[in-house]
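User: Could you take a close look at the place where the two chains meet, and at the salt bridges there? I would like a connected account that I can follow with the structure open.

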Amino acid sequence: MLQAVGGIIAGMATTLKYLFKKKSTIDYPREPYPHPERFRGVHELRRYDDGMERCIGCELCAVACPANCITVIGAENDPQHPTAPGERYGYRYEIDMLRCIFCGYCEEACPTDAIVLTPRFDIADYTRDRLIFGKDKLLVDDPFTQHLANTESAFKTEPGVAPPPSGGAP
Amino acid sequence: MEMSPHQPFITTKLDEFVRWAQASAIWPMTMGLACCAIEMMSIVSPRYDTSRFGAEVFRSSPRQSDLMIVSGRVARKMLPVLRQLYDQMPDPKWVISMGACASTGGIFDNYAVTPVDTILPVDVYVPGCPPSPDALIYSLMQLRREIEAGGKANVLARNA
């Protein structure tokens with residue numbers, strides 16, 4: 001008898017303990033989930049500070065992609081109004097988000113750090129067409145988060161790796 | 001839904017009320033196909049907790065469920081099973097295609113893995129490999145938005 005009461009008290013003590021603990025539920029639509037710093041989400045195409053596109057249309061990301069979800073078509077720069085420094089730029093850049101497995105190999109392969117994976121994840125949509133992201137959705141003027149600019153991959157973009165930002169044939 | 005300022009009544013249209021009811025209790029079916037199922041299971045855990053949206057009851061019978069979360073790659077052998085389960089679900093019913101394999105085949109480029117929208121009308125596609133539980137909860141939000149807007153296959157016209 002006494003043992004049974006003791007069991008109930010021990011059980012209720014646990015309940016009482018969790019009643020006053022901080023709730024582990026994160027109120028998602030109102031409050032963002034904390035992600036690890038290197039969480040790999042939706043891609044973005046970066047620009048240089050002077051507005052030039054980083055992508056040079058080399059297709060190394062498309063080659064590195066294990067899911068073959070990246071389509072890059074490069075084109076020659078107009079020498080008067082270059083889109084990217086150097087000779088070529090990414091004329092067309094498409095990622096099929098539904099085929100992508102967010103492994104980050106494209107990010108690693110990119111010689112100019114044009115393609116970067118951001119912590120964004122909320123892109124679920126109603127049709128497959130809308131999840132093929134072209135340059136209109138990928139290319140951004142300012143990086144998604146500042147902390148991405150401080151990760152290792154951005155360090156590689158120090159002068160010496162990236163082509164001169166002012167354009168023209170090297 | 002409108003609150004009347006002078007009388008103790010709340011007036012609403014039946015259509016809106018039904019949509020609100022449908023969107024507030026989307027019971028998924030207990031069906032895990034592959035690794036995405038691990039992420040699907042964790043949406044009912046305390047950290048993610050879909051009972052906040054009335055979607056925590058994973059029913060073991062298709063006859064009691066509203067939502068089929070196709071969580072993982074669909075093998076060719078599994079296609080007829082999936083179709084049968086879908087047909088057994090009562091209207092209105094919704095399908096979330098979770099992850100790269102179920103949506104497009106993902107990294108698999110072979111005869112065996114089939115995109116699920118070849119046999120089922122998919123409502124929301126979730127990218128990711130696997131999608132994190134928060135991405136799945138976001139897709140649930142998208143589904144609720146769709147239901148509340150009125151676009152739904154089998155019951156009302158699907159919005160393209």
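Analyst: Here is a walk through the contact between the chains, followed by salt bridges inside each chain.

Please keep in mind that this is a predicted model. The predictor assigns the complex an ipTM of 0.80 and a pTM of 0.80. For chain B the mean pLDDT is 84, with 91% of its residues at 70 or more. One stretch deserves some care: over residues 153-160 of chain B, pLDDT stays under 50. Where pLDDT is low, the predicted coordinates should not be read in detail.

Now to the interface itself. On one side, 29 residues of chain A make contact with 34 residues of chain B. Together the two chains bury about 2,600 Å², and 58% of that area is on carbon and sulfur atoms. Twelve residue pairs are in polar contact between chain A and chain B, with both residues at pLDDT 80 or more. The side of chain A that touches chain B is made up of 18 nonpolar, four polar and seven charged residues.

Two salt bridges link chain A and chain B. In one of them, the side chain of Arg128(A) meets that of Asp117(B) at 3.0 Å, N to O. In another, Asp27(A) pairs with Arg52(B), where the closest N and O atoms are 3.2 Å apart. This pair crosses between chains: Asp27(A) sits in the loop between helix H1 (2-20) and strand E1 (43-45) of chain A, while Arg52(B) sits in the loop between helix H2 (36-41) and strand E3 (67-71) of chain B. Is each partner buried or exposed? Asp27(A) is partly exposed, because its relative accessible area is 28%, and Arg52(B) is also partly exposed, at 28%.

Moving away from the interface pairs, a search of the whole structure finds ten salt bridges over all chains. Within chain A, Arg130(A) and Asp125(A) meet through their side chains at 3.0 Å, N to O. Arg130(A) counts as partly exposed at 38% relative accessibility, whereas Asp125(A) counts as buried at 13%.

Within chain B, Asp87(B) forms a salt bridge with Arg83(B), and their closest N and O atoms are 3.0 Å apart. Both residues belong to helix H3 (residues 79-88) of chain B, four residues apart, which is about one turn of the helix. Asp87(B) is partly exposed at 44% relative accessibility, and Arg83(B) is partly exposed at 31%. Returning to the interface, salt bridges with shared partners join Asp27(A), Arg30(A) and Arg52(B) into one network.

Definitions and conventions: Residues are numbered from 1 along each chain as its sequence is written. Chains are lettered from A and ligands numbered from 1 in the order in which they are written. Side-chain values use heavy atoms; hydrogens and water are left out. pLDDT is the predictor's confidence in each residue, from 0 to 100. Contact means heavy atoms within 4.5 Å. Buried area is the accessible area (1.4 Å probe) that two parts lose on being put together, summed over both. A salt bridge is a side-chain nitrogen of Lys or Arg within 4 Å of a carboxyl oxygen of Asp or Glu. A polar contact is a pair of N or O atoms within 3.5 Å; within protein, one must be able to donate a hydrogen and the other to accept it, and residues adjacent in sequence count only if both atoms are side-chain atoms. Ala, Val, Leu, Ile, Met, Phe, Trp, Tyr, Cys and Pro count as nonpolar, Asp, Glu, Lys and Arg as charged, and the others, Gly among them, as polar. Helices (H or I, at least four residues) and strands (E, at least two) are DSSP runs, numbered from the N terminus. Buried means under 20% relative accessible area, exposed over 50%, partly exposed in between (1.4 Å probe, protein chains only).
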